[in-house]
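Please open the model in your viewer and follow this tour one selection at a time. Each stop says what to select and then what is found there.

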Amino acid sequence: MRIVVQDTPFDMGAEAEAFANGRHDMGAVVTFTGIVRDFGDGGLDAMEIEHYPGMTRKALETIAEEARTRWSLGDVLVIHRYGRMEPGEKIMMVATAAPHRKDAFEAAEYLMDYLKSRAPFWKKEHATTGETGWVAAKDEDEDALSRW
Amino acid sequence: MDVLYFAWVRERIGLPKEKVTTDAATVADLVAELRAREERYDLAFSDLSALRVAVDQELTDFDASIKDAREVAFFPPMTGG
């Protein structure tokens, strides 16, 4: 299990390759990468992510460990950035390795659902107009946890 | 104990962290003490349904005990991923 919290960019290709490499007993690797998305009108200048340094790693480890108890997984990778990012930049990624794809897919979805609502990150949008605003948590993100 | 604020809670109160000496038994008691201090605290804590709390870096609820706690953090619902 590898948990990374950093402000610098990461190379999703290199991370996925390193994660998948050399496994002989894992038939499936699933990766998900989250990317800063513009409003669709070019109006987003940047996304700023604040986190709770003392708690973030522990919260991510707890979520990843729970995934390992629920599914048959060989390994889990979580990378999450904080700080300022522009549209198109990668915010975070998760990867799961499992003997079979169902476990790898479901565990990756579980990790994403919990990362959204239970890991101490907060997103603030900076518009090109100079306006800023904290992204509000969505009810459906909270509801998504109930399916697990 | 250390009391930490994140995101708009930090902005509304105007600082990220402060030392608080308190006899409060629960998070809710601590919130009541903070609200009585100044209007900026009162405003920040006016709607507890919009806030989350962690005691010693574990998510918990407002009824939780803070006896022997070293760190209490207040923040809005998280928006990771």
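Two strands are said to pair if DSSP finds at least two bridges between them, and that wording is needed for the first stop. Keep in mind throughout that this is a predicted model.

Begin by selecting strand β3 of chain B, residues 52–55, together with β5(B); these two strands run antiparallel and are joined by four bridges. Within that pair, pick out V55(B), which stands opposite V72(B) of β5(B).

Now keep β5(B) and add strand β1 of chain B, residues 2–5. Here the two strands run parallel, again with four bridges joining them, and Y5(B) is the residue to display opposite F74(B) of β5(B). How many of the five residues of β5(B) are buried? Four of them are, so the strand is largely enclosed by the rest of the structure.

Extend the selection from β1(B) to β2(B), where the pairing is antiparallel and spans three bridges. On this side of the view, D2(B) has K19(B) of β2(B) as its bridge partner.

With these strands on display, show the whole sheet of chain B, an open sheet of five strands in the order β2-β1-β5-β3-β4, whose pairing is mixed. At its edges stand β2 (17–19) and β4 (58–60) of chain B, each of which pairs on one side only. If you look along the sheet, neighbouring strands are turned against each other by 25 degrees on average, direction ignored.

Next, select chain B as a whole. Chain B holds three helices and five strands, and from the N terminus on these follow one another as β-α-β-α-α-β-β-β. The radius of gyration of chain B is 12 Å, close to the 12 Å that the globule rule gives for 81 residues, so chain B is as compact as a globular protein of that length. Along the principal axes, the C-alpha atoms of chain B fill a box of roughly 30 × 30 × 20 Å. If you colour by burial, 32% of the 81 residues of chain B count as buried. Of the contacts in chain B between residues at least 6 apart in sequence, 53% join residues at least 24 apart.

Bring chain A into view and turn to the place where the two chains touch: 14 residues of chain B are in contact with 21 residues of chain A. On the chain B side, the elements that give two or more residues are α1 (7–13) and β5 (71–75) of chain B. Which kinds of residue make up the side of chain B that touches chain A? They divide into 10 nonpolar, four polar and no charged residues.

Finally, select the strands β1, β4, β6 and β2 of chain A, which form an open sheet of four strands in the order β1-β4-β6-β2 with mixed pairing. The edges are taken by β1 (2–6) and β2 (28–35) of chain A, each with a single partner strand, so one side of each is left without a neighbour in the sheet. From one strand to the next, the twist averages 5 degrees. At one edge, β1(A) pairs with strand β4 of chain A, residues 75–81, in the parallel sense over five bridges, and I3(A) can be shown opposite V78(A) of β4(A).

Add helix α1 of chain A, residues 12–20, which packs on this sheet and touches β2, β4 and β6 (90–98) of chain A, its direction making about 15 degrees with that of β6(A). The last selection is helix α3 of chain A, residues 101–118, which lies across β2, β4 and β6 of chain A and runs at about 150 degrees to β6(A).

Note on methods. Residues are numbered from 1 along each chain as its sequence is written. Chains are lettered from A and ligands numbered from 1 in the order in which they are written. This is a predicted model: local features need pLDDT of at least 70, side-chain atom pairs count only at pLDDT 80 or more; totals for chains, interfaces and linings use all residues. The radius of gyration is taken over C-alpha atoms; the globule rule is 2.2 Å times the number of residues to the power 0.38. A residue is buried if 20 or more other C-beta atoms lie within 10 Å of its own, exposed if 12 or fewer, and partly exposed in between; C-beta atoms are placed from the backbone. Two residues are in contact if their C-beta atoms, placed from the backbone, lie within 7 Å. Ala, Val, Leu, Ile, Met, Phe, Trp, Tyr, Cys and Pro count as nonpolar, Asp, Glu, Lys and Arg as charged, and the others, Gly among them, as polar. Axes are lines fitted to C-alpha atoms, for helices over the stretch in contact, and angles run from 0 to 180 degrees between N-to-C directions.
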